[in-house]
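Got your viewer open and a selection box ready? Load the model and keep a hand on the mouse.

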Amino acid sequence: KNESSWLARYSDNIESRYLRRLDIITELKRALISEQSELSMVYQPKIDLRSNTVKGLEALIRWNSKELGFVPPDEFIGIAEQAGLIEIVTEWVINQVIVDTSTLREAGHPVSIAINLSTQDVENSALLGRFFEKLEQFELNSSDVQIEVTESDLVADQNLAIQNLDALRERGFKVAIDDFGTGYSSLAYLKDLPVDVIKIDKSFVLNLSKSIEDQQIVNTVLKLADSFNLEVVAEGVEDEVALSLLSEWGCHYAQGYFISRPLPLPDLLKWFEQTPYC
Ligand code: C2E
Ligand code: CA
Ligand code: CA
Ligand code: CA
């Protein structure tokens, strides 16, 4: 009896996950062609710890589905990749980010913006070509754009990754390794990777003020990055102690709820008016 109920629960679980996936694919397709936009962008400020000023923003997608409610990007981006929808999602992100970047510029905030790309996007030269044209059309510079690619994606196919990252940098984009420390890469491969920035994953930063282990990891990454002349961003800074430790250790940039949550553009414009980081 026990065994069969275990099996029943197991297959129920598979079935409900399968149905959830189908719902997400159907609704995301609808959202991508619909006029009333369920998709939106939020922007999280990143500060320079040496000058205590805003260094740039990270663009993060949000999806408030009429049918499914709020669906987090961690859930739907992976499904979009597998379902062949990521190119359309990324195209939407790029267009929105470029419009918002020029709005910010006109409001007197000429900041650089980081965009998250999946490996499929990085391999899609047609998409990157359109990205580049769009930047020119809005008189923005590719050096104002950072591309964030996650470490685990890079580890999956290192040769391919190196070629594609080179191509991005030739176009003038700065490249950051996202979620650094979670991809089980050999540290030695850092010297071969054509990147400019390392983003230390938030799992090592969230408890920095309390965890001696995390302090040691972050310290080691900072020393390593320094020896390779890479810039470092710490993400997931949630308290003042973490912020001052990072600053003391020479980390260049910090991002996290302590500084600001990711904000929709109108809120970001207000944030700029009252932030001490200017
Ligand atoms: P990520 O690129 O590593 O982004 C950092 C995540 O940490 C974001 O979650 C952000 O809201 C959250 N975060 C920032 N500061 C803090 C903090 O102090 N504490 C905590 N606990 N969390 C913090 P979000 O926005 O839910 O995004 C999750 C992931 O979804 C991103 O991880 C990224 O991999 C992916 N993603 C988001 N937007 C896009 C996009 O436009 N395109 C692609 N391809 N992926 C995206
Ligand atoms: Ca990121
Ligand atoms: Ca991360
Ligand atoms: Ca991530």
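What follows is a walk through the model, one selection at a time.

**Before you start.** Keep in mind that you are looking at a predicted model.

**Stop 1: the ligand.** Select ligand 1 and show what surrounds it. There are 21 residues around ligand 1, and those that come nearest are Gln-44, Arg-62, Asp-178, Glu-238 and Tyr-257. Now turn on distances for the polar atoms. At Tyr-257, a backbone N or O atom sits 2.8 Å from one of the ligand's oxygen atoms. Ile-61 also uses its backbone: an N or O atom there is 3.1 Å from a nitrogen atom of ligand 1. With Lys-202, look at the side chain instead, where an N or O atom lies 3.2 Å from an oxygen atom of ligand 1. How much of the accessible area of ligand 1 does the protein cover? Taken on its own, ligand 1 has 800 Å² of accessible area, and the protein covers 87% of that.

**Stop 2: helix H7.** Select residues 158-170, which make up H7. This helix has 13 residues, and from first C-alpha to last it reaches 18 Å, close to the 18 Å expected at 1.5 Å a residue. Color Ala-161, Asn-164, Leu-165 and Leu-168, which are buried. Now look down the axis: the buried residues of H7 fall within an arc of 100 degrees, so they line one face of the helix. Flip to the other side and you'll find Asn-159, Gln-163 and Glu-170 exposed.

What do the buried residues of H7 pack against? Bring up helix H4 (119-122), helix H5 (125-137) and helix H6 (151-156), then add strand S5 (145-150) and strand S6 (174-180); the buried residues of H7 pack against these elements. Before leaving, click on Gly-172, just after H7, where phi is positive at about 100 degrees.

**Stop 3: two of those neighbors.** Stay in the area and pick Thr-119, in helix H4. Thr-119 is partly exposed, with a relative accessible area of 26%. Draw a C-alpha to C-alpha distance to Ala-156: the two residues are 37 apart in sequence and 9.7 Å apart in space.

Next, pick Asp-179 in strand S6. Its phi is positive, about 55 degrees, although Asp-179 is not a glycine. Buried, exposed or partly exposed? Asp-179 is partly exposed, at a relative accessible area of 24%.

**Stop 4: a loop residue.** Jump to the loop between H5 and S5 and select Glu-139. Here's another non-glycine residue with a positive phi, this one near 55 degrees. Glu-139 has 72% relative accessibility, so it counts as exposed.

**Stop 5: helix H10.** Select residues 265-274 for H10, and color Leu-265, Leu-268, Trp-271 and Phe-272, which are buried. Look down the axis again: they cover an arc of only 105 degrees, which puts them on the same side of H10. On the other side, Pro-266, Lys-270, Glu-273 and Gln-274 are exposed. To see the partners of the buried set, add strand S1 (39-48), strand S2 (53-65) and helix H3 (86-106), against which the buried residues of H10 pack.

**Stop 6: helix H2.** Move to residues 73-82, helix H2, and pick out the buried Phe-76, Ile-79 and Ala-80. Down the axis of H2, the buried residues fall within an arc of 105 degrees, so they line one face of the helix. Asp-74 and Gln-82 are exposed on the other side of H2. Just after H2, stop at Gly-84, which has a positive phi of about 75 degrees.

**Last stop: Leu-224.** Select helix H8 (residues 212-227) and zoom in on Leu-224. Its relative accessibility is 18%, so Leu-224 counts as buried; the cut-off for buried is under 20%. Which residues is Leu-224 in contact with, leaving aside neighbours within four places in sequence? Leu-187 and Leu-190 are the ones to show. Finish with a distance from Leu-224 to Leu-190: they are 34 residues apart along the chain, and their C-alpha atoms are separated by 9.3 Å.

Methods: Residues numbered from 1 in each chain as written. Chains lettered and ligands numbered in written order. Predicted model: local features only at pLDDT ≥ 70, side-chain atom pairs only at ≥ 80, totals over all residues. Heavy atoms only, no water. Helix = DSSP H or I, 4+ residues; strand = E, 2+ residues; numbered from the N terminus. Expected span 1.5 Å × (residues − 1). Buried < 20%, exposed > 50% of the residue type's maximum accessible area, 1.4 Å probe, protein only. Arc of directions from axis to C-beta. Contact = heavy atoms within 4.5 Å. Near = heavy atom within 4 Å. Polar contact = N/O pair within 3.5 Å; in protein donor to acceptor, adjacent residues only side chain to side chain. Areas by Shrake-Rupley, 256 points an atom, 1.4 Å probe, with all protein chains shown as cover.
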